[in-house]
Amino acid sequence: MNTTLAQDTSHGARRPRRLPGAATARLCLLATTLVVLQSLTWLAVRVALDGTSTAIVSAGRVGFTVVALGLLTVNHRRTESHAHDSQQHTGARPLRHWQAAALSVAGVSGYTALSTVAVQVSGTLLPALIVSTGPLWVLVLVSLRRRSAPGRAKALGTLVAVVGGAFFLLAGSQGVHEVGASSVLGTLLAVGAVLLMSVYTVAFAALTRGYQGPMAPVITPIYAWGLAPLVVWALTDLLRGARLTPTTLAVLAALGLLVYLPVYLIQHRLLAEIGAHPVSLLGLAVSPLVAVETAGLGLGLWPSSLQWLAIAITLAGTAIVIGPRRRPKESPSESPKDATA
């Protein structure tokens with residue numbers, strides 16, 4: 001089946017290639033697993049935040065994740081040092097130290113700080129709406145990097161999916177009652193947050209494109225750098241009287257080791273294999289899935305009719321972008337840049 005996912009993995013090809021059935025199934029499985037695990041992070045964070053601060057939760061989950069990533073990295077390096085067959089040696093990492101540090105500032109500490117403060121000053125609805133526009137930002141950045149306009153189907157599908165995602169949030173909100181007084185400042189902070197995350201997504205996908213080695217050694221420096229300011233933030237909250245109970249610590253350990261670790265590994269693997277834009281679209285499925293899971297657990301109401309309509313719109317837009325389509329005829333003037341999405 002010829003898909004946009006197939007186009008994103010045709011590195012340097014003159015025309016989109018068909019992915020083998022097993023490879024397509026693998027990508028679909030990874031994408032589905034990523035969305036499910038990301039929805040679980042929302043539920044787990046809600047539990048972890050009970051009785052403690054956002055700073056402690058952020059530092060705790062990232063801290064345990066970095067420890068796990070570090071152990072995986074050590075194990076990978078030991079495996080490489082004992083590999084006598086050169087074909088089994090993964091070679092140099094795709095990121096330099098300064099690149100990892102820059103990505104950390106954008107996608108870990110910068111995004112966390114801006115998005116958190118945006119919620120504090122303007123409520124949850126406005127930042128959530130702005131962050132849901134991420135796929136549009138990613139599409140624009142990818143187009144600027146490649147110096148070519150996106151196809152009509154891709155632009156239209158992305159717009160429809162984003163509209164559906166925003167519609168879902170609005171249909172489940174209480175309108176102006178969920179927007180704080182400092183809406184202008186909250187808007188600016190949320191725009192900064194979504195822009196930083198979009199830059200991170202596009203940059204990581206570009207820097208690691210086609211990388212097939214272990215992902216833990218690649219992303220460990222990124223999250224290790226990002227952990228430092230989060231620890232300072234958490235310590236400041238502790239000095240101000242914030243609580244850290246053994247139960248919270250256990251939840252954070254489970255969150256970092258069992259949820260965020262596979263989320264980060266799968267997410268970055270998909271970025272390297274299928275590109276930034278398809279991965280950003282997957283994020284739009286998280287909020288609806290959280291709503292369904294919350295209702296199924298008896299912690300909230302089932303999505304309304306309008307929200308189900310919004311879900312259908314989001315899925316339709318996503319299908320336009322990554323769904324099956326006809327294979328375009330090869331043009332002599334077609335460049336590798338045009339053959340990838």
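Me: What makes Leu-69, Phe-204, Tyr-264, Leu-265 and His-268 count as being in contact with Ile-219?
Reply: In this predicted model, Ile-219 is in contact with these five residues once its neighbours within four places in sequence are left aside, and contact here means heavy atoms within 4.5 Å. Ile-219 is also named, together with Phe-204, Ile-222, Tyr-223 and Leu-270, among the residues with the most contacts inside the largest nonpolar core, a set of 52 residues. The largest share of this core, twelve residues, is supplied by helix H10, which spans residues 246-274.

Me: Why is the pair of Tyr-200 and Phe-204 called stacked?
Reply: Their ring centres lie 6.2 Å apart, which is within the 6.5 Å needed for a pair, and their planes meet at 20°, which is under the 30 degrees set for stacking, so the pair is stacked. Both residues belong to helix H8 (residues 183-207), where, being four residues apart, they are separated by about one helical turn.

Me: How do you know whether Tyr-200 and Phe-204 are buried or exposed?
Reply: Buried means under 20% relative accessible area; Tyr-200 has 4% and therefore counts as buried, and Phe-204, at 0%, counts as buried too.

Me: Why is the pair of Tyr-260 and Tyr-264 called tilted?
Reply: The centres of these rings are 5.5 Å apart and their planes stand at 50°, a value that is neither under 30 nor over 60 degrees, so the pair is tilted. The two tyrosines are four residues apart in helix H10, about one helical turn, and both are buried. Ring pairs also bring in Tyr-223, which forms a cluster with Tyr-260 and Tyr-264.

Me: What makes the charged end of Arg-61 count as sitting over the ring of Tyr-260?
Reply: The charged end of Arg-61 sits 4.5 Å from the centre of that ring, and the distance cut-off for such an arrangement is 6 Å, with a further limit of 35 degrees from the ring normal.

Me: Why is Thr-73 called buried?
Reply: Thr-73, which lies in helix H3 (residues 54-81), has a relative accessible area of 6%, and because this is under 20%, the residue is buried. The side chain of Thr-73 reaches the backbone oxygen of Ala-216 at 3.5 Å, and, residues up to four places away in sequence not being counted, Thr-73 touches Ala-216, Pro-217 and Thr-220.

Me: Why is Arg-147 called exposed?
Reply: Its relative accessible area is 77%, and because this is over 50%, Arg-147 is exposed. Arg-147 is found in the loop between helix H6 (134-146) and helix H7 (152-171), and has a positive phi of about 55° although it is not a glycine.

How values were computed. Residues are numbered from 1 along each chain as its sequence is written. This is a predicted model: local features need pLDDT of at least 70, side-chain atom pairs count only at pLDDT 80 or more; totals for chains, interfaces and linings use all residues. Side-chain values use heavy atoms; hydrogens and water are left out. A nonpolar core is a set of buried Ala, Val, Leu, Ile, Met, Phe, Trp, Tyr and Cys residues joined through side-chain atoms within 4.5 Å. Buried means under 20% relative accessible area, exposed over 50%, partly exposed in between (1.4 Å probe, protein chains only). A polar contact is a pair of N or O atoms within 3.5 Å; within protein, one must be able to donate a hydrogen and the other to accept it, and residues adjacent in sequence count only if both atoms are side-chain atoms. Rings of Phe, Tyr and Trp (its six-membered ring) pair if their centres lie within 6.5 Å; planes under 30 degrees apart count as stacked, over 60 as edge-to-face and the rest as tilted.
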